[in-house]
Amino acid sequence: MMPFQPFGPRSVEGRFDGGRVTSDAGALLLREVDRVIGLTRQAAGCFTDHRDPDRVSHPVPSLIRQRLFALACGYEDLNDHDALRYDPAMAIFAGEDPDVPLAGKSTLNRLEQGAAVGTCDSRYQRILPDQVALHRLLVTLYLQAHRRAPEEIILDLDATHDLIHGMQEGRHFHGYYGGYCYLPLFIFIGEYLLCALLRSSRVGAADGALGEVQRLVRQIRARWPKTRITLRADSGFCRDDLMTWCEANGHRFILGV
């Protein structure tokens, strides 16, 4: 208790025993957006749960919502969930009973370990993702956001550095960025993210870009066969294989030289 100067005949005290409170209730807006676009529901459908159903307290959809909403609120570390699992707002995000604790960091770590390993090699890796389905999901969400096909879309390709500060697998020193980092590839259409490919920084900016562009175009063309597709990128993507493929398939490109 922290006493303050009285206000007339009334005493003024500051207390910190207000019960279970939250500072993230504003993110309820994210839950309403998620209800409309079905992001977490569709993402959960990309996972296969090999756990014993009789021993499961936190189903995959709840785990996905808990992790994604926490990331959106700025909680990147799994350790944060030691406290967040008791947060009533986070329970609402996850679709669970606010009076029951959510999954802890160990359960969420198993979810992410399964995504990293991709096999049921131990009891700690029982929730496995369909990587192909997850990659397709970003494009599916973009297509679902449009009632009609646009006349033209522009695929913006770019690579950026993601600094790392430990002994993570694939770490490599990049002279241009002056540190150890990853070099993920991103592909956008306007503000829509269609591709996020994690790579070591020992590769070039365009490494793997052709395969990702081909994958995106196939999925888009299946829905919008007449939409014109243009590629746009800086000089790091001025590569013969990418330009040759565009010319052979009738796609325009704007690349730095």
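Contact, throughout these legends, means heavy atoms within 4.5 Å. The model is predicted, so local features need pLDDT of at least 70 and side-chain atom pairs count only at pLDDT 80 or more, while totals for chains, interfaces and linings use all residues. Residues are numbered from 1 along each chain as its sequence is written, and side-chain values use heavy atoms, with hydrogens and water left out.

**View 1. The whole protein chain, with its nine helices and 12 strands.** Helices (H or I, at least four residues) and strands (E, at least two) are DSSP runs, numbered from the N terminus. With a radius of gyration of 23 Å, well over the 18 Å that the globule rule gives for 257 residues, the protein chain is more spread out than a compact globule. That radius is taken over C-alpha atoms, and the rule is 2.2 Å times the number of residues to the power 0.38. The C-alpha trace spans about 80 × 50 × 45 Å along its principal axes. Buried residues make up 35% of the 257; here buried means under 20% relative accessible area, exposed over 50%, and partly exposed in between (1.4 Å probe, protein chains only). Of the contacts between residues at least 6 apart in sequence, 56% join residues at least 24 apart.

**View 2. Asp34, a residue of helix H1 (residues 28-37).** Asp34 counts as buried, at 11% relative accessibility. Leaving aside neighbours within four places in sequence, Asp34 is in contact with Leu39, Thr40, Arg65 and Phe69. For a sense of scale, the C-alpha atoms of Asp34 and Arg252 are separated by 34 Å, with their positions 218 residues apart along the chain.

**View 3. Helix H3 (residues 60-72), a run of 13 residues.** At 1.5 Å a residue H3 should span 18 Å, and its end C-alpha atoms are indeed 18 Å apart; the expected span of a helix is 1.5 Å times one less than its number of residues. Two of the Asp34 partners turn up again here, as Arg65 and Phe69 are among the buried residues of H3. Others on that buried list include Val60, Leu63, Ile64 and Ala70. After H3 comes Gly74, with a positive phi near 95 degrees.

**View 4. Asp87, in the loop between helix H4 (81-84) and helix H5 (88-94).** Asp87 is buried, with a relative accessible area of 9%. Beyond its neighbours within four places in sequence, Asp87 is in contact with Arg20, Thr22 and Asp24.

**View 5. Two loop residues on either side of helix H6 (105-117).** Gly104 sits in the loop between H5 and H6 and is buried, with a relative accessible area of 13%. Its C-alpha lies 15 Å from that of Ile127, 23 residues away along the chain. Arg123 belongs to the loop between H6 and strand S4 (127-129), and this one is exposed, at 65% relative accessible area. Arg123 and Arg51 are 72 residues apart in sequence but 8.3 Å apart in space, C-alpha to C-alpha.

**View 6. Helix H8 (residues 209-223) and what covers it.** H8 has 15 residues and reaches 22 Å from first C-alpha to last, close to the 21 Å expected. Its buried residues include Ala209, Leu210, Glu212, Val213 and Arg215. Among the elements covering the buried residues of H8 are helix H7 (131-144), strand S5 (152-159), strand S11 (228-233) and helix H9 (240-248).
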